[in-house]
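Reader: I'd like a close look at one part of this model, the largest pocket. What lines it, and what is the chain around it like?

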Amino acid sequence: MLFPYAGLAGQMMHMALQAPLVVAARVGDWMVPMVPPSARTRREASRMVLEKQAAAVESWAALGHHALQAWTQCLLGQPLSPAQVERAGRAVLAPYARRVGANAARLGRRRH
């Protein structure tokens, strides 16, 4: 295999391209001068915080599973293969990648 982490790199690239769109949409709502935040903006801010907390919990849960597997294999003298490292990386990033893609699609569709 020429580049064993191609899937992980693709997932990271997807997040890198979509995350700025999400940030721009949200920060743009918050930066309107002299206007109190609308109910939609407050809901969006609350949703953002809750989504990040949920993604962090899911990511740490995935990391725990893969870290335990890696530790067990190392104790048995079996190093991790590149495919196992990629699966672990994708599992840890998956909660964030899923939310970034969904938020970019949802915020891109909304009307201002």
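Author: Here's a walk from the whole chain down to the pocket, and then along one of the helices beside it.

Keep in mind that this is a predicted model. The protein chain has 3 helices and 0 strands, so going by DSSP runs the order from the N terminus is simply α-α-α. Of its 112 residues, 29% count as buried. The chain exposes about 7700 Å², and carbon and sulfur atoms supply 72% of that area. As for how the chain meets itself, take the contacts between residues at least 6 apart in sequence: 81% of them join residues at least 24 apart.

Now the pocket itself. The largest pocket holds about 180 Å³ of space. Its lining takes in 13 residues, and V22, R26, K52, V100 and N103 are the ones nearest its centre. The elements that give two or more residues to that lining are α1 (6-30), α2 (39-75) and α3. The largest share comes from α1, with 6 residues.

Helix α3 deserves a bit of extra attention. It covers residues 82-109, and at 1.5 Å a residue its 28 residues should span 40 Å; the end C-alpha atoms sit 38 Å apart, which agrees. Still, α3 isn't straight: it bends by about 50° at A94, and a proline, P95, follows within four residues. Going back to the pocket, V100 and N103 are among the residues nearest its centre. For reading helix positions like these, a general point is handy: an α-helix has 3.6 residues a turn, so residues three or four places apart point the same way.

Methods: Residues are numbered from 1 along each chain as its sequence is written. This is a predicted model: local features need pLDDT of at least 70, side-chain atom pairs count only at pLDDT 80 or more; totals for chains, interfaces and linings use all residues. Side-chain values use heavy atoms; hydrogens and water are left out. The expected span of a helix is 1.5 Å times one less than its number of residues. The bend at a residue is the angle between axes fitted to the seven residues ending there and the seven starting there. Buried means under 20% relative accessible area, exposed over 50%, partly exposed in between (1.4 Å probe, protein chains only). Contact means heavy atoms within 4.5 Å. Accessible areas come from the Shrake-Rupley method with a 1.4 Å probe; for residues, only the protein chains shown count as cover. On a 1 Å grid over the protein atoms alone, a cavity is a set of points where a 1.4 Å probe fits but cannot get out, and a pocket is an open set with protein on both sides within 12 Å along at least five of seven lines; lining residues have an atom within 4 Å of a point. Grid points are joined across faces, edges and corners, and a volume is the space filled by probe spheres set on the points.
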